[in-house]
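Dear colleague,

Please find below the structure that I am handing over to you. My findings follow directly after it.

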Amino acid sequence: MGNNENNIILLFDCGGLCNAVFPRHLQRYLDLHIDEFAFRTSVGVLDFGALLLDEHYWVKTECENGEYQGDLHVCCGEQAYIMVSLQRCQSGYQQLSNAERLKTIIDSTRAGTWEWNCQTGEVILNERWAQILGYTLEELSPISIDTWLEFAHPDDIKRSNSALERHFCGDDEDYLCEVRLKHKDGHWVWVRDCGRVATRTANNRPEWITGTHIDITNRINTINELQKVRNELNSIIDSLPAAVFKSPLNRLGHFTYMSAEVERITGYKVANIQGNSHWWLAQIHPEDREALQAEYNHWLAQGARGVCKCDYRFRHSQGHYVWLCEHSQRIKAPKGYNGEPDALVGSLFDKTENMSLHTRMDALAQIIPGMIYQFVLTAGRSWNFLYASEGVKRIFEVTPEQALQNPARMLSKVVHSDRGKMLEEVVHSAAKLEDFECEFKVTLSVGYKWLFAHAIPQRQTDGGIMWTGMVIDITERKLLELRLRKESTTDPLTGLYNRRYFFEQLQLRLDQAVREEQPLALIILDLDLFKQINDNFGHHGGDQVLQSVAQLLNTAIRKYDIVARIGGEEFAIILPNTTQEQGVGVAEKIRGKIAQASICINQQMVEVTATLGVASTEYTKAQVNALFKQADLCLYQGKRLRRNCVISGQS
């Protein structure tokens, strides 16, 4: 409500009707009768009929959402009228004097006040000044400037005098000093002492100075506690083997805080590093600077989630480069700090020694025909490579970085038939903490390779297991091994299995047939009159016949049947899961194919026949000697009878 609304003027005619108002927005009061305002006097409600001419009445009334009071004057002249001049009643506080209101304000701040005549030494204190020290004013009497000198700390008196002198000479607009005063209980109380010259003498010297004491003990104690915590925190940070830093989120290398450990790591003082982003980035090796910026920008583009890890070379104050590993993480601005940007906190540690070790390992890996690696299986059963040498490029056709980022890329190159065996060996090694060894084949752009992996497991403190080992290329050795194995098991002329391998397999297949309770048939085949072929066409011609028959036999049997050359012109066939009747059918098929075969020797067609003996576990003991003897007897029985026939154990 404006000032005009604190005053109201009403005019009434001789009949008691309101015919004028001020302010104008009170037009609604016009034409109201004076009695409707219910004016009150000290003796009761005013009655229009009892008003006397030319009299003044002190009245009160309620209007405009408040209580108003003032003078009601019955005027007489040519025509009688009534004028009422009202003013809004003030509250009790507004009725106080300025001095009383000032005292209320001072009391509410719990400030001790002092007034000092520096010319006479006279001092006036309020009760609160004494209460701050645990006294009453009466206990401090008589009060003078000596009262101050008695309770103030000697060191603070000097600082107070200096502050007063600066104020007196006009250097400081106000006197301001934080001082300690002795409490009644013996401890020191911190007060904020503020004042100003109130009057000066005729020759312009300070006379009366007035001021306040505010108890700031709790604030000082809090500051001291915070400082203690900060000192302890700094001590802990400075004892870490890494430099701790803070910087704005979007200003790489602009450190607003850096712990003292950075001096040991880089040789530079903290003062040279803080707030000097261009200088810091300039010390990073040129080859690493662009990669660092790219990695950091990528991390920001991903929402600055998690930890940003970067390794780079940094120029030491002595000129050489050290390897730094920087880990940083985003921290949100505290709530209530409007406009405060998010920040980056992190650590820097010197990994030069580790990098030197990696360099030596890489150098060693260069002379090893394979790769060196460290592989970990975590307690949560996830797995990854901690280290892979450059040899992984030759072994798996992936880079070390790709191996570390996605180890599954290496496993995918292992042929499917070997993956299960490899994983079983890993699980066994982890369970028994025994060496991991495995031969396996991989598919690469150049074809197949045979590899051998060997590693030593070690359990980690977190429950995981780490293997350290190597993978070497054994392709040449494996191919030689396979060739020697083939040579030891095959007939060099026909390419069929030889006699030794045949009898090994016959024993294995008989054992399997007994376990599975399945029949097994054996065929022994001998070419008829083969000596005549050798006599007529020579041994070269005989060899051609043997090779042609071997090819024919391979086309006549199943994939899991075994055919072998067990003598000069004698062959044998193992037929698993085959009855004697079925075996005889296979033998007849083979006999017919041989008899119908067109074999050309020296441009001359040669007719060849064969006699076959068949035996089966259905009618013969499932023993190598017994089964072979039965089939052999059947064979020679056919030779004596007519040749070019099939004879079985029941024929």
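I begin with helix α20, in a model that is predicted. The side of α20 that faces away from its buried side bears the exposed residues Asn625, Lys629, Arg640 and Leu641. Buried in the same helix are Val624, Leu627, Phe628, Ala631, Cys634, Leu635, Gly638 and Lys639. These residues span an arc of only 145° around the axis, and therefore lie on the same side of α20. The elements against which the buried residues of α20 pack are α17 (499-516), β23 (520-527), β25 (570-576), β28 (610-616) and β29 (646-648). The length of the helix is also as expected: 18 residues (624-641) at 1.5 Å a residue should span 26 Å, and the end C-alpha atoms are 26 Å apart. Just after α20, Arg643 adopts a positive phi of about 60°.

One buried residue of this helix also takes part in a charged pair. Lys639 makes a salt bridge with Asp526, with 2.7 Å between the closest N and O atoms. This pair links distant parts of the chain, since Lys639 belongs to helix α20 and Asp526 to strand β23, 113 residues apart. Both Lys639 and Asp526 are buried.

I turn next to a sheet. Five strands form an open sheet in the order β19-β18-β22-β21-β20, and their pairing is antiparallel. Its edge strands, β19 (383-388) and β20 (436-444), each pair on one side only. On average, neighbouring strands of the sheet are turned by 30° against each other, direction ignored. Two helices pack on this sheet. Helix α15 (residues 416-432) touches β18, β20, β21 (447-459) and β22 (465-473), and its direction makes about 155° with that of β20. Helix α16 (residues 475-489) touches β20, β21 and β22, its direction making about 115° with that of β21. Within the sheet, β18 (residues 370-377) and β19 pair in the antiparallel sense over five bridges, and Val376 stands opposite Asn384 in β19.

A salt bridge also joins the sheet to one of these helices: the side chains of Glu439 and Arg477 meet at 2.8 Å, N to O. Because Glu439 lies in strand β20 and Arg477 in helix α16, the pair ties together parts that are 38 residues apart in sequence. Glu439 is partly exposed, at 25% relative accessible area, and Arg477 is likewise partly exposed, at 43%.

A further salt bridge connects Arg558 and Asp561, whose closest N and O atoms are 2.9 Å apart. Arg558 is partly exposed, with a relative accessible area of 32%, whereas Asp561 counts as buried at 8%.

Yours sincerely

Key
Residues are numbered from 1 along each chain as its sequence is written. This is a predicted model: local features need pLDDT of at least 70, side-chain atom pairs count only at pLDDT 80 or more; totals for chains, interfaces and linings use all residues. Side-chain values use heavy atoms; hydrogens and water are left out. Helices (H or I, at least four residues) and strands (E, at least two) are DSSP runs, numbered from the N terminus. The expected span of a helix is 1.5 Å times one less than its number of residues. Buried means under 20% relative accessible area, exposed over 50%, partly exposed in between (1.4 Å probe, protein chains only). The arc is that of the directions from the helix axis to the C-beta atoms. Contact means heavy atoms within 4.5 Å. Two strands pair if DSSP finds at least two bridges between them. Axes are lines fitted to C-alpha atoms, for helices over the stretch in contact, and angles run from 0 to 180 degrees between N-to-C directions. A salt bridge is a side-chain nitrogen of Lys or Arg within 4 Å of a carboxyl oxygen of Asp or Glu.
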